[in-house]
Amino acid sequence: MDLYALNPFSGDPDRRAIWEMLVARDIEAFLACDWSMVEPDFAADRFMGIDGKASANPDDWRISFPTLEAYRDSWLAGARDFAPRAEIATARAGVFGATQLTDIEITGDRALAHKKFNGRVEMKDGSFDVLDWQSVYTLARIGGIWKLTGFIGYLPYQMGQTGD
């Protein structure tokens, strides 16, 4: 499966680049347990990651990744846990099928991208890993290239309903 060919932003170079970074490259790197594939996508000196702790209440959110190194270590631990339990071809299709990134706001050299995960991935033993969360990423165009500066992640897929 060529994830890059499935980019819905083919006519928009900025959104195309952000989608490739946050969807195609991230999935491929995660499945390969290869941080070097995504490391250049980050502005390490500006990075901060907030763990939403699966809570819609911002009071529960924590700066779990004050540095890119802290995030890298967590990302690699997750990838190394996932890889031996998954069939790569099935996992690629499952993770991609569960991933949605259609809302990217760009204002000047700043961007906000909403990535959502809603689905499941069948594992080698017949069990399923459920993907049911969302992350909001901040990006900056640095030297003409989009870089990740941070995120609020591991938020519930459903953050609540708007009332009348």
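Buried means under 20% relative accessible area, exposed over 50%, and partly exposed in between. The model treated in these exercises is predicted.

**Exercise 1. Classify Asp41**

Task: Is Asp41 buried or exposed? Locate it and list its contacts.

Solution.
1. Asp41 sits in the loop between H1 and strand S1 (48-51).
2. Its relative accessible area is 9%.
3. The cut-off for buried is under 20%, so Asp41 is buried.
4. Set aside residues up to four places away in sequence. Asp41 then touches Met21, Arg25, Trp146, Lys147 and Leu148.

**Exercise 2. Two residues with positive phi**

Task: Cys33 and Lys53 are not glycines, yet have positive phi. Give the value, the location and the exposure class of each.

Solution.
1. Take Cys33. Its phi is near 55 degrees.
2. Cys33 belongs to the loop between H1 and S1.
3. Its relative accessibility is 22%, so Cys33 counts as partly exposed.
4. Now Lys53. Its phi is about 55 degrees.
5. Lys53 belongs to the loop between S1 and strand S2 (62-65).
6. At 45% relative accessibility, Lys53 also counts as partly exposed.

**Exercise 3. H1 against H3**

Task: How are helix H1 (residues 13-32) and helix H3 (residues 88-98) oriented? Describe their contact.

Solution.
1. The packing angle is about 155 degrees, and the axes lie 10 Å apart.
2. Angles over 145 degrees count as roughly antiparallel.
3. H1 and H3 are therefore roughly antiparallel to each other.
4. The crossing of H1 past H3 is right-handed.
5. H1 contributes Trp19, Val23, Ile27, Glu28 and Leu31. H3 contributes Ile88, Ala91, Arg92, Val95 and Phe96.
6. Sort these by class: eight are nonpolar, none is polar and two are charged.

**Exercise 4. H1 against H2**

Task: At what angle does H1 pack on helix H2 (residues 68-82), and which residues make the contact?

Solution.
1. The angle is about 65 degrees, with the axes 8 Å apart.
2. From H1 come Asp26, Ala29, Phe30 and Leu31.
3. From H2 come Trp75, Gly78, Ala79 and Phe82.
4. The class count is six nonpolar, one polar and one charged.
5. Leu31 appears in the contact with H2 and also in the contact with H3.

**Exercise 5. The surroundings of Glu122**

Task: Where is Glu122, which class of exposure does it have, and what is it in contact with?

Solution.
1. Glu122 is in strand S4 (residues 110-122).
2. Its relative accessibility is 39%, so Glu122 counts as partly exposed.
3. Leave out neighbours within four places in sequence. Glu122 is then in contact with Thr90, Ser127 and Phe128.
4. Arg85 is 37 residues away along the chain. The C-alpha atoms of Glu122 and Arg85 are separated by 9.3 Å.

**Exercise 6. The whole chain**

Task: What is the order of helices and strands, and how does the radius of gyration compare with that of a compact globule?

Solution.
1. The protein chain has three helices and six strands.
2. Along the sequence they follow α-β-β-α-α-β-β-β-β.
3. A compact globule of 164 residues would have a radius of gyration near 15 Å. The protein chain has 16 Å, which agrees.
4. Along the principal axes, the C-alpha atoms fill a box of roughly 45 × 40 × 35 Å.
5. Of the 164 residues, 40% count as buried.
6. Consider contacts between residues at least 6 apart in sequence. Of these, 55% join residues at least 24 apart.

Methods
Residues numbered from 1 in each chain as written. Predicted model: local features only at pLDDT ≥ 70, side-chain atom pairs only at ≥ 80, totals over all residues. Heavy atoms only, no water. Axes fitted to C-alpha atoms, helices over the stretch in contact; angles between N-to-C directions. Helix = DSSP H or I, 4+ residues; strand = E, 2+ residues; numbered from the N terminus. Parallel < 35°, antiparallel > 145°, perpendicular 65-115°, else oblique. Left-handed = near helix turned anticlockwise from the far one by under 90°. Contact = heavy atoms within 4.5 Å. Nonpolar A, V, L, I, M, F, W, Y, C, P; charged D, E, K, R; others polar. Rg over C-alpha atoms; globule rule 2.2 N^0.38 Å. Buried < 20%, exposed > 50% of the residue type's maximum accessible area, 1.4 Å probe, protein only.
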